[in-house]
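Let's learn to read a protein model together, one feature at a time. Have a look at it first, and then we'll talk.

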Amino acid sequence: MRRNSFEYYRDLIWVLLKKEIRVRYKNTVLGYAWSVLNPLAFAAAFYVLFKVFVRIQMENYALFLICGLFPWQWFQNSVSLSSQHFLGNASLIKKVRFPREFLVLSGVLNDLLHFLASLPVIVFFLLLFGSGPSWAWFWQIPAMLAVQLAFSYGLALLVATCNLFVRDLERLIGILLLLWLYLTPVMFPVDMIPERFRWCLYANPMAATIECWRNVLMTGTLPADLWALAAGYGVLALAAGRLVYRSLERRFAELV
């Protein structure tokens with residue numbers, strides 16, 4: 001019985017994931033290429049702004065940006081698009097009984113797959129700047145994927161659920177994510193933050209995650225303390241998302 005349930009959930013997630021991929025790139029010419037072009041365009045803009053005009057003194061600043069922007073895009077897409085996962089599947093929610101949280105999970109997994117597909121682009125830039133992938137990636141990248149999946153899914157589930165009750169949230173979330181980006185060391189190194197304010201960095205869940213990704217991708221090292229902090233935030237986000245979802249799920253059919 002337990003095995004049948006597992007197979008049912010696995011097949012359901014796979015069907016929803018395929019649907020999510022088809023819908024996202026329906027009637028687009030470039031398709032998956034947008035997942036690469038978007039962070040590359042931002043990297044180019046930030047490079048001109050911070051390297052040419054602000055003149056940040058950092059070697060390989062373009063690589064620094066790319067290694068931070070690609071993981072950030074996965075997180076940003078997962079959260080920003082989550083507000084529509086329940087609303088956009090209203091007919092399915094009303095007619096079929098199934099774990100509705102899988103709608104959100106399939107969206108986050110879709111962004112995870114696109115992030116994995118962008119890794120060859122990161123490797124290309126590593127080679128371009130005289131570096132390359134590390135054998136440690138075989139365990140470091142899965143460790144980071146698990147942490148960011150937990151945090152992104154937990155927060156996306158929280159946003160998707162709350163958006164059914166407060167529809168303004170889907171407009172507010174774009175503003176909050178933009179502010180969050182500028183408060184996260186994606187475009188600037190941690191060393192630029194004054195020492196007395198650096199503790200604030202650890203109050204930002206994505207700061208530890210981005211720093212871990214950058215260390216993994218650029219140096220093949222994974223700081224244990226930052227990974228543990230990111231994992232802690234992931235567990236908290238997942239617990240909060242599921243708690244809110246479980247307490248409000250019974251009202252979904254009347255709200256979508």
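**Reading the helices**

The secondary structure of this chain comes to 10 helices and zero strands. This is a predicted model, where local features need pLDDT of at least 70 and side-chain atom pairs count only at pLDDT 80 or more, while totals for chains, interfaces and linings use all residues. Residues are numbered from 1 along each chain as its sequence is written, and side-chain values use heavy atoms, with hydrogens and water left out.

Q: What counts as a helix or a strand, and what pattern does the chain follow along the sequence?
A: Helices (H or I, at least four residues) and strands (E, at least two) are DSSP runs, numbered from the N terminus. Here, reading along the sequence gives α-α-α-α-α-α-α-α-α-α.

Q: How do I read "buried", and what percentage of the residues in the chain is buried?
A: Buried means under 20% relative accessible area, exposed means over 50%, and partly exposed is in between (1.4 Å probe, protein chains only). In this chain of 256 residues, 48% are buried.

Q: And how much area does the chain expose?
A: Accessible areas come from the Shrake-Rupley method with a 1.4 Å probe; for residues, only the protein chains shown count as cover. The chain exposes about 13500 Å², and 67% of that is supplied by carbon and sulfur atoms.

Q: What is a contact, and what share of those with a separation of 6 or more joins residues 24 or more positions apart?
A: Contact means heavy atoms within 4.5 Å. Of the contacts in the chain with a separation of 6 or more, 79% are between residues 24 or more positions apart.

Q: How do I describe two helices that pack together, say H6 and H8?
A: You start with axes, which are lines fitted to C-alpha atoms, for helices over the stretch in contact; angles run from 0 to 180 degrees between N-to-C directions. Angles under 35 degrees count as roughly parallel, over 145 as roughly antiparallel, 65 to 115 as roughly perpendicular and the rest as oblique. Helix H6 (residues 137–163) and helix H8 (residues 205–219) have axes 11 Å apart and pack at an angle of about 160 degrees, so H6 and H8 are roughly antiparallel.

Q: Which residues make that contact between H6 and H8?
A: H6 brings Trp137, Gln140, Ile141, Met144, Leu145, Gln148 and Phe151, and H8 brings Pro205, Met206, Thr209, Cys212, Trp213, Val216 and Leu217. To sort them, Ala, Val, Leu, Ile, Met, Phe, Trp, Tyr, Cys and Pro count as nonpolar, Asp, Glu, Lys and Arg as charged, and the others, Gly among them, as polar. The contact of H6 with H8 has 11 nonpolar residues, three polar and no charged.

Q: Can we zoom in on one residue there? Is isoleucine 141 buried or exposed?
A: Isoleucine 141, in helix H6, has 8% relative accessibility, so isoleucine 141 counts as buried. Setting aside neighbours within four places in sequence, isoleucine 141 is in contact with Leu119, Trp213 and Val216. Its C-alpha atom is 8.7 Å from that of leucine 217, which is 76 residues apart from isoleucine 141 along the chain.

Q: How do H3 and H8 cross?
A: The axes of helix H3 (residues 61–80) and H8 come within 9 Å and cross at roughly 130 degrees, which means H3 is oblique to H8. The residues of this contact divide into 12 nonpolar, one polar and one charged.

Q: What about H5 and H6?
A: Their axes cross at roughly 140 degrees and come within 10 Å, with helix H5 spanning residues 101–128. The contact of H5 with H6 has 18 nonpolar residues, one polar and one charged.

Q: Where is serine 152, and what does it touch?
A: Serine 152 sits in helix H6 and is buried, with a relative accessible area of 0%. Not counting residues up to four places away in sequence, serine 152 touches Phe75, Ser78 and Val108.

Q: Which residues does glutamate 170 touch?
A: Glutamate 170 is in helix H7 and, at 26% relative accessibility, counts as partly exposed. Leaving out residues up to four places away in sequence, glutamate 170 touches Ser83, Gln84, Leu87 and Asn163. The C-alpha atoms of glutamate 170 and serine 83 are separated by 5.6 Å, although these residues are 87 apart along the chain.
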